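Good morning, colleagues. Please turn to the chain on the screen, which I should like to discuss briefly.

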Amino acid sequence: QFADVYSFAIVLHQVCHLTKPFQDYSYSMHEALVVEEGERLPIDEKLSFSIKALIMNSWHVSWTCRPDFEAIARTLRKEVILLKGGQPTCLIHKKRRSSFALDIGTLMNKNKQ
């Protein structure tokens, strides 16, 4: 689970920064610098304190100090609430419907063309 937390933080970093992590690293360079020496990606100071802390804590060298996914979900939920004006009711769904409906017949006809 804690390796998954580290990986999730890599994806979160990628989403927040719109960059590919360790893009210029070779396999051996990544192993030496990141795995063995504990190098981490830079975090943009413009991110909220809680997102920066979440990423940094998720990359903690000691995997036992990393947050679990319940703590991650709580942090992200709080961030969404803040972004939506601070009201927890913004997370309540009044209607549930699919935003994407697939018509298999239409898809089959498009594939034949």
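I shall speak about confidence, then the nonpolar core, and then two loop residues.

This is a predicted model, in which local features need pLDDT of at least 70, side-chain atom pairs count only at pLDDT 80 or more, and totals for chains, interfaces and linings use all residues. Residues are numbered from 1 along each chain as its sequence is written, and side-chain values use heavy atoms, with hydrogens and water left out.

The average pLDDT (the predictor's confidence in each residue, from 0 to 100) is 84 for the chain, and 77% of the residues score at least 70. Among the elements (DSSP runs numbered from the N terminus: helices, H or I, at least four residues; strands, E, at least two), helix 3 has the highest mean, 95, and helix 5, residues 104-112, the lowest, 55.

The largest nonpolar core (buried Ala, Val, Leu, Ile, Met, Phe, Trp, Tyr and Cys residues joined through side-chain atoms within 4.5 Å) has 15 residues, of which Tyr-6, Ile-10, Phe-22, Ile-55 and Trp-59 touch the most other members. Helix 1 (2-17) and helix 3 (49-58) each supply at least two residues of this core; the largest share, five residues, comes from helix 1. Leaving aside residues up to four places away in sequence, Ile-10 is in contact (heavy atoms within 4.5 Å) with Pro-21, Phe-22, Leu-41 and Trp-59.

Phe-22 lies in the loop between helix 1 and helix 2 and, though not a glycine, has a positive phi of about 55°. Is Phe-22 buried or exposed? Phe-22 is buried (under 20% relative accessible area; exposed is over 50%, partly exposed in between, with a 1.4 Å probe and protein chains only), at 13%.

Leu-18, also not a glycine, has a positive phi of about 55° and sits in the loop between helix 1 and helix 2 (27-36). Leu-18 is exposed, at 76% relative accessible area.
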